[in-house]
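Please open the structure in your viewer and keep the sequence at hand. The tour goes from one selection to the next and says what is there.

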Amino acid sequence: MSRSERRRPAPPDPAALRRGLTPEQTAAIATLEALGWELRFVRRPLFRAPVPVVFEKAGARWLVVEGDGQLNESPGFALRD
């Protein structure tokens, strides 16, 4: 096994990613997935609500699904490369 293969994490479990999200967030994510977007990760800050982050399939655009299901294209934080 090469070094790069060992560093590649296993794909996240979709059920685990959705755990703790509001029904509105879950519905919005399902709609986005039908349109070709992908839930890649969920930020879970201490003592705050989870923050799901979805990406276009091409990976160029991303957005956050707020607790009420609204989409936020400029959430106030940056992602690492």
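Which residue in strand 3 does Phe55 stand opposite? Select Phe55 and look across to strand 3: the residue opposite is Trp62. Before going on, note that this is a predicted model.

**The whole chain**

Show the whole chain as a cartoon. Three helices and four strands should appear. Followed along the sequence, they come in the pattern α-α-α-β-β-β-β. Along the principal axes, the C-alpha atoms fill a box of roughly 45 × 30 × 25 Å.

Now switch on a surface. The chain exposes about 6,100 Å², and carbon and sulfur atoms supply 53% of that area. Of the 81 residues, 25% count as buried. Among contacts with a separation of 6 or more, 34% are between residues 24 or more positions apart.

Colour the charges next. There are 13 positive and 10 negative charges, and the mean positions of the two groups are 10 Å apart.

**The sheet**

Hide the surface and select the strands. They form an open sheet of four strands in the order 1-2-3-4, with antiparallel pairing. Strand 1 (37-43) and strand 4 stand at the edges, and each has a single partner strand, so one side of each is left without a neighbour in the sheet. In a regular strand, side chains alternate between the two faces of the sheet.

Select residues 51-56 and residues 62-65, which are strand 2 and strand 3. These two strands pair in the antiparallel sense over three bridges. Phe55 and Trp62, the residues from the opening question, face each other here.

What joins strand 2 to strand 3? The two strands form a hairpin with five residues between them. Select Gly59 in that turn: this glycine has a positive phi of about 85 degrees.

Move on to residues 71-72, which make up strand 4. Strand 3 and strand 4 pair in the antiparallel sense over two bridges. Select Val64, and then its bridge partner in strand 4, Asn72. Next select Val65, which stands opposite Leu71 in strand 4.

Strand 3 and strand 4 also form a hairpin with five residues between them. Select Gly69 in the turn, where phi is positive at about 90 degrees.

**The salt bridges**

How many salt bridges does a search of the whole structure find? The search finds four.

Start with Glu33 and Arg18, whose side chains meet in a salt bridge at 2.6 Å, N to O. This pair links distant parts of the chain: Glu33 lies in helix 3 (residues 23-34) and Arg18 in helix 2 (residues 14-18), 15 residues apart. Glu33 is partly exposed, with a relative accessible area of 33%. Arg18 is partly exposed too, with a value of 22%.

Next select Glu38 and Arg40. They form a salt bridge in which the closest N and O atoms are 3.4 Å apart. Glu38 is partly exposed at 31% relative accessible area, and Arg40 is partly exposed at 33%.

Now select Glu56 and Arg61. Their side chains meet in a salt bridge at 3.9 Å, N to O. Add Glu73 to the selection: salt bridges that share partners join Glu56, Arg61 and Glu73 into one network. Are Glu56 and Arg61 buried or partly exposed? Glu56 is partly exposed, with a relative accessible area of 24%. Arg61 is partly exposed as well, with a relative accessible area of 39%.

**The last stop**

Select Arg80, in the segment after strand 4. Is Arg80 buried or exposed? Arg80 counts as exposed because its relative accessibility is 82%, and the cut-off for exposed is over 50%.

Finally, draw a distance from the C-alpha of Arg80 to the C-alpha of Gly69, the glycine in the turn between strand 3 and strand 4. The two residues are eleven apart in sequence and 24 Å apart in space.

Conventions. Residues numbered from 1 in each chain as written. Predicted model: local features only at pLDDT ≥ 70, side-chain atom pairs only at ≥ 80, totals over all residues. Heavy atoms only, no water. Buried < 20%, exposed > 50% of the residue type's maximum accessible area, 1.4 Å probe, protein only. Contact = heavy atoms within 4.5 Å. Areas by Shrake-Rupley, 256 points an atom, 1.4 Å probe, with all protein chains shown as cover. Lys, Arg positive; Asp, Glu negative; His and termini not counted. Charge placed at Lys NZ, Arg CZ, Asp CG, Glu CD. Pairing = 2+ DSSP bridges.
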